[in-house]
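Biologist: I am new to this structure, so please put it on screen and walk me through some of its local details.

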Amino acid sequence: MPARISKDEFDSEVLGAELPVLADFYSDSCIPCKRMSPILSQLETEYADKIKIVKINTNFEKELVEKYSIQAAPTLILFNKGEEVSRIRGAVKKDEIITLIKEQI
């Protein structure tokens with residue numbers, strides 16, 4: 001399961017990461033977010049040496065929500081070398097996320 005991180009860990013875990021990072025901005029009360037969780041866990045296993053996946057709870061990390069203009073959960077943002085390179089809003093199929101990942105690895 002992808003690790004949940006806070007704003008205190010964001011710089012080191014996401015912006016400073018060697019690998020591309022897929023950040024899942026989610027909410028505990030969001031049904032589509034809950035449906036995405038097993039997909040992200042599968043992808044974390046399948047792409048373990050190629051990409052890192054982290055979860056950011058929008059209810060507790062308001063500073064990051066504002067900084068990255070998160071307007072809906074789930075929002076997936078792909079970072080590479082500290083820069084946002086792609087974004088997907090809403091619940092999506094696994095294949096769409098794989099396409100996003102493969103563009104960066």
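Modeller: A good place to start is a pair of aromatic residues, Tyr68 and Phe79, both of which are buried; buried here means under 20% relative accessible area, exposed means over 50%, and partly exposed lies in between, with a 1.4 Å probe and protein chains only. Please keep in mind that this is a predicted model, in which local features need pLDDT of at least 70 and side-chain atom pairs count only at pLDDT 80 or more, while totals for chains, interfaces and linings use all residues. Residues are numbered from 1 along each chain as its sequence is written, and side-chain values use heavy atoms, with hydrogens and water left out.

Biologist: How many aromatic pairs turn up in the whole structure?

Modeller: Searching the whole structure gives four aromatic pairs, where rings of Phe, Tyr and Trp (its six-membered ring) pair if their centres lie within 6.5 Å, and planes under 30 degrees apart count as stacked, over 60 as edge-to-face and the rest as tilted. In one of them, the ring centres of Phe10 and Tyr68 are 5.4 Å apart and the planes stand at 45°, so this pair is tilted.

Biologist: Which parts of the chain does that pair tie together?

Modeller: Phe10 belongs to helix H1 (residues 7–15) and Tyr68 to the loop between helix H3 (62–67) and strand E4 (75–80), so the pair links parts that are 58 residues apart in sequence. Those labels follow DSSP runs numbered from the N terminus, with helices (H or I) of at least four residues and strands (E) of at least two.

Biologist: Are those two residues buried or exposed?

Modeller: Phe10 counts as buried because its relative accessibility is 1%, and Tyr68 is buried too, with a relative accessible area of 11%. Tyr68 also pairs with Phe79: their ring centres are 5.4 Å apart and their planes lie at 85°, so that pair is edge-to-face. Since Tyr68 sits in the loop between H3 and E4 and Phe79 in strand E4, this second pair ties together parts that are eleven residues apart in sequence.

Biologist: And which residues make up the aromatic cluster?

Modeller: One aromatic cluster is formed by Phe10, Phe25, Tyr68 and Phe79.

Biologist: Staying with the backbone of that loop, what kind of peptide bond joins Ala73 and Pro74?

Modeller: The bond between Ala73 and Pro74 is cis, with omega about -5°, and Pro74 is in the loop between H3 and E4. For background, most peptide bonds are trans, and most residues other than glycine have a negative phi. Ser69, which lies in the loop between H3 and E4, is not a glycine and yet has a positive phi of about 50°; at 43% relative accessibility it counts as partly exposed.

Biologist: What about Lys81?

Modeller: Lys81, another residue other than glycine, has a positive phi near 55°. Its place is in the loop between E4 and strand E5 (83–89), and with a relative accessible area of 71% Lys81 is exposed.

Biologist: Changing topic, how do helices H2 and H4 cross?

Modeller: The axes of helix H2 (residues 31–46) and helix H4 (residues 94–102) come within 10 Å and cross at roughly 40°; the axes are lines fitted to C-alpha atoms over the stretch in contact, with angles from 0 to 180 degrees between N-to-C directions. H2 and H4 are therefore oblique to each other, given that angles under 35 degrees count as roughly parallel, over 145 as roughly antiparallel, 65 to 115 as roughly perpendicular and the rest as oblique. From H2, the residues Met36, Ile39, Leu40, Gln42, Leu43 and Glu46 make the contact, and from H4 Lys94, Ile97, Ile98 and Ile101 do, with contact meaning heavy atoms within 4.5 Å.

Biologist: One last residue: where is Lys55, and what does it touch?

Modeller: Lys55 lies in strand E3 (residues 52–57), and it is buried, with a relative accessible area of 7%. Not counting residues up to four places away in sequence, Lys55 touches Pro2, Ala3, Arg4, Ile5, Asp24, Tyr26, Ser37 and Leu40.
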